[in-house]
Amino acid sequence: MDERNLSKKKNIIYNIVAVLILIILLFPLFWTFITSLKTEKEIFLNPPTWYPHELNTKSYAAQVETGDFNMFKSFFNSFVISSGAMAISVILAVPASYAIARYKFIGRKAMLLGFLVTQMLPVSVLLTPMFIMFRNLKMYNTWGAAILADATIGIPFSVLILKNYFASIPAALEEAAYIDGCTRFSAFMRILVPVAKPGVIVCAVFSFLYGWGDLAYGMTFILDQEKRPITAGIFNFMGQYGTKWSYLTAFAIVAIIPVTLIFIFMQKYIISGMTNGAVKG
């Protein structure tokens, strides 16, 4: 009985700690939301108010109006850039991670180390060489430049995650496919990729989120405001209307809606994909 009571007390303590951590993590989001519903005068009151005394919805209504900041256009730009970066990352990372996991070749460890190092490099180090490359390729000020730049973030992450997935798949499963008449490519597409589906989904989700949350590449490689993603649009709006914090926080809340929906509907795959990819191989 003592052990059971002790276990119950531990569970209660863990739950309380988990709730406190959740409150701390969600507090910035809560404060951003209530700030978006306040008037500019109330935002700067001291002491601050914990809820809007006068409900202000103009900051959200401004997003559907025609003006300097077109939220719908920026959403579309971000969706195109993020989807393109996601597609490139998955298409290149899946076969690359399979080859690294299945074959022993010269330079394999160096290649893995290279993928790991690219994850550590700050964005500021890559901006100048990428700028020169895209300018020489006549891709500067196009969606293609931002898509390729964002893909360089998703590809190393995807390879490192999927490598463990393919390494954990029994070789006998692949050999059985060969006996049944499958070629190496058909066995890869019909057997191995479906087995690694949770990992592929995780890589696709995070590659999309990398592109969606990018600011540096979108600001640097795209000059026209009409082509820029939503993060760059919010940055420009802040520079032009720096005192309208209710508008800025409203735009921020709307910008994170796709991210929130992705985590809500994909959390099963994200959790299983990250845990399996971390412990296998």
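Here is an informal round of questions and answers about this predicted model.

User: How are the rings of Trp31 and Trp50 arranged?
Analyst: This is one case from a total of 17 aromatic pairs in the structure. The two ring centres are 5.5 Å apart and the planes meet at 80°. Planes over 60 degrees apart go down as edge-to-face, so the Trp31 and Trp50 pair is edge-to-face.

User: How many residues apart are Trp31 and Trp50, and which parts of the chain do they link?
Analyst: Trp31 belongs to helix H1, which covers residues 2–36. Trp50 is in the loop between helix H2 (40–43) and helix H3 (58–61). The pair therefore links distant parts of the chain, with a separation of 19 residues.

User: Which of these two counts as exposed, Trp31 or Trp50?
Analyst: Trp31 has a relative accessible area of 26%, so it is partly exposed. For the other ring the value is 53%, and the exposed class begins over 50%. The exposed one is Trp50.

User: What else is around Trp31: which residues form a cluster with it, and which charged end sits over its ring?
Analyst: Ring pairs join Trp31 to a cluster with Phe27, Phe30 and Trp50. On top of that, a charged end sits over the Trp31 ring, 4.6 Å from its centre. That charged end belongs to Lys38.

User: Where are Phe76 and Trp143, and what kind of aromatic pair do they form?
Analyst: Phe76 is in helix H4 (residues 71–102) and Trp143 is in helix H7 (residues 143–168), 67 residues apart. Phe76 is partly exposed at 43% relative accessible area, and Trp143 is partly exposed at 27%. Their centres are 5.9 Å apart with 65° between the planes. That makes the pair edge-to-face.

User: Which helix gives the largest share of the nonpolar patch on the surface?
Analyst: The patch is made of Leu113, Leu116, Val117, Met120, Leu121 and Val125, with about 530 Å² of accessible area together. Leu121 is in the loop between H5 and helix H6 (123–136), and it is partly exposed at 36%. Four residues of the patch come from a single helix, residues 108–120. That helix is H5.

User: Which peptide bond is cis in the loop between H2 and H3, and what is its omega?
Analyst: As a rule, most peptide bonds are trans. Pro47 is in the loop between H2 and H3, and the bond leading into it from Asn46 is cis. Its omega is near 5°.

User: Lys138 and Asn141 have a positive phi; which of them is buried?
Analyst: Both Lys138 and Asn141 are found in the loop between H6 and H7. Phi is about 60° for Lys138 and near 70° for Asn141. Lys138 is exposed, with 73% relative accessibility. At 16%, the buried one is Asn141.

User: How many salt bridges are in the whole structure, and which one ties together helix H4 and helix H8?
Analyst: The search finds two salt bridges. One joins Asp224 and Lys227 at 3.8 Å, N to O, with Asp224 partly exposed at 36% and Lys227 partly exposed at 30%. The other has its closest N and O atoms 3.3 Å apart, and it ties together parts 72 residues apart in sequence because one partner is in H4 and the other in H8. That bridge is Arg102 with Glu174.

User: Is Glu174 buried or exposed?
Analyst: The buried class is under 20% relative accessible area. Glu174 comes out at 7%, so it is buried.

User: What is Tyr178 in contact with, leaving aside its neighbours within four places in sequence?
Analyst: Tyr178 is in helix H8 (residues 171–179) and is partly exposed at 28%. With those neighbours set aside, its contacts are Tyr98, Thr183, Arg184 and Ala187.

User: How many residues of helix H13 are buried?
Analyst: H13 runs over residues 245–255 and is mostly covered. Among its buried residues are Tyr247, Leu248, Phe251 and Val254. Out of eleven residues, the buried count is nine.

Definitions and conventions. Residues are numbered from 1 along each chain as its sequence is written. This is a predicted model: local features need pLDDT of at least 70, side-chain atom pairs count only at pLDDT 80 or more; totals for chains, interfaces and linings use all residues. Side-chain values use heavy atoms; hydrogens and water are left out. Rings of Phe, Tyr and Trp (its six-membered ring) pair if their centres lie within 6.5 Å; planes under 30 degrees apart count as stacked, over 60 as edge-to-face and the rest as tilted. Helices (H or I, at least four residues) and strands (E, at least two) are DSSP runs, numbered from the N terminus. Buried means under 20% relative accessible area, exposed over 50%, partly exposed in between (1.4 Å probe, protein chains only). A charge sits over a ring if NZ of Lys or CZ of Arg is within 6 Å of the ring centre and within 35 degrees of the ring normal. Patches are made of residues with over 30% relative accessible area and no salt bridge: like charges are joined within 9 Å, nonpolar side chains (Val, Leu, Ile, Met, Phe, Trp, Tyr) within 5 Å. Accessible areas come from the Shrake-Rupley method with a 1.4 Å probe; for residues, only the protein chains shown count as cover. A salt bridge is a side-chain nitrogen of Lys or Arg within 4 Å of a carboxyl oxygen of Asp or Glu. Contact means heavy atoms within 4.5 Å.
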